[in-house]
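Look at the sequence and the model below before reading on. The paragraphs that follow start with charged pairs and then move to the strands and the core.

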Amino acid sequence: MAHQMYVFVVCACFLGFSAALGGPRLMPGGLYPDARPVDATAREVVNSVKDDIVARLPAEEAGTGIFEPISYKTQVVAGANYFVKIKTAADRYIHARIYRHFSGSTSLSDVQTGKTLEDEITYF
């Protein structure tokens, strides 16, 4: 019970500080509704698991030398899930879900291939 209360307090503080500083309005458990252009934080999150992402790609996408994060959405959990659209070839995109703990550690959760620039980032 104490751990659950700790997580609740940390999330509430994070959301309060984010709103006070004019940051994105994140809803606990909900996926942020609008995709945003990749910023320095999102790029850092993606780069921290880039090798894991590339390892999951089909050979025709992994070997192109193109790996460009385009946009992302977030979901506040016990940390944050980053749902990122990444360009991997001329007209090929993937969506990657990356978990970032409040401590800063990251891990790749899942990758969806066969995406287009127009495909909306949704929960997966």
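A search of the whole structure finds 3 salt bridges, where a salt bridge is a side-chain nitrogen of Lys or Arg within 4 Å of a carboxyl oxygen of Asp or Glu. Side chains of opposite charge can pair when their charged atoms come close. The structure is a predicted model, in which local features need pLDDT of at least 70 and side-chain atom pairs count only at pLDDT 80 or more, while totals for chains, interfaces and linings use all residues. Residues are numbered from 1 along each chain as its sequence is written, and side-chain values use heavy atoms, leaving out hydrogens and water.

One of these salt bridges joins Arg100 to Glu44, with the closest N and O atoms 3.2 Å apart. The pair links distant parts of the chain, since Arg100 is in strand β4 and Glu44 is in helix α2, 56 residues apart. Helices (H or I, at least four residues) and strands (E, at least two) are DSSP runs, numbered from the N terminus. Arg100 is buried, with a relative accessible area of 19%, whereas Glu44 is partly exposed at 47%. Here buried means under 20% relative accessible area, exposed over 50%, and partly exposed in between, with a 1.4 Å probe and protein chains only.

Another salt bridge is formed by the side chains of Arg56 and Asp110, at 4.0 Å from N to O. Arg56 lies in the loop between α3 (50-55) and α4 (59-62) and Asp110 lies in strand β5, so this pair ties together parts that are 54 residues apart in sequence. Arg56 is partly exposed at 43% relative accessible area, and Asp110 is partly exposed at 27%.

The side chains of Glu120 and Lys73 also meet in a salt bridge, at 3.2 Å from N to O. Glu120 lies in the segment after β5 and Lys73 in strand β2, so the pair ties together parts that are 47 residues apart in sequence. Glu120 counts as exposed, at 55% relative accessibility, but Lys73 counts as buried, at 4%.

Next come the strands. The chain has 4 helices and 5 strands, which follow the pattern α-β-α-α-α-β-β-β-β along the sequence. How are the strands ordered in the sheet? They form an open sheet of 5 strands in the order β1-β2-β3-β4-β5, with antiparallel pairing. Two strands count as paired if DSSP finds at least two bridges between them. The edge strands are β1 (36-37) and β5, each of which pairs on one side only.

Strand β2 (residues 68-77) pairs with β3 over 9 bridges in the antiparallel sense. Between these strands, Thr74 has Tyr82 in β3 as its bridge partner. β3 and β4 are also antiparallel, over 9 bridges, and a hairpin joins them through 2 residues. β4 and β5 run antiparallel with 7 bridges. Their hairpin has 5 residues between the strands, and Gly104 in the turn has a positive phi of about 105°. Arg100, already met in a salt bridge, has Thr106 in β5 as its bridge partner. As for cover, 7 of the 9 residues of β4 are buried.

The last topic is the core. A nonpolar core is a set of buried Ala, Val, Leu, Ile, Met, Phe, Trp, Tyr and Cys residues joined through side-chain atoms within 4.5 Å. The largest one here has 18 residues, and those with the most contacts inside it are Ile53, Tyr82, Ile86 and Ile98. Four elements each supply at least two of its residues: α2 (40-48), β3 (79-89), β4 (92-100) and β5 (106-115). β3 gives the largest share, 4 residues.

Contact means heavy atoms within 4.5 Å. Leaving out residues up to four places away in sequence, Ile53 touches eight listed residues, among them Val46, Phe67, Ile86, Ile98 and Leu108. Tyr82 sits in strand β3 and is buried, with a relative accessible area of 10%. With the same sequence neighbours left out, the contacts of Tyr82 include Thr41, Val45, Tyr72, Ile98 and Arg100. Across the chain, 35% of the 124 residues count as buried.
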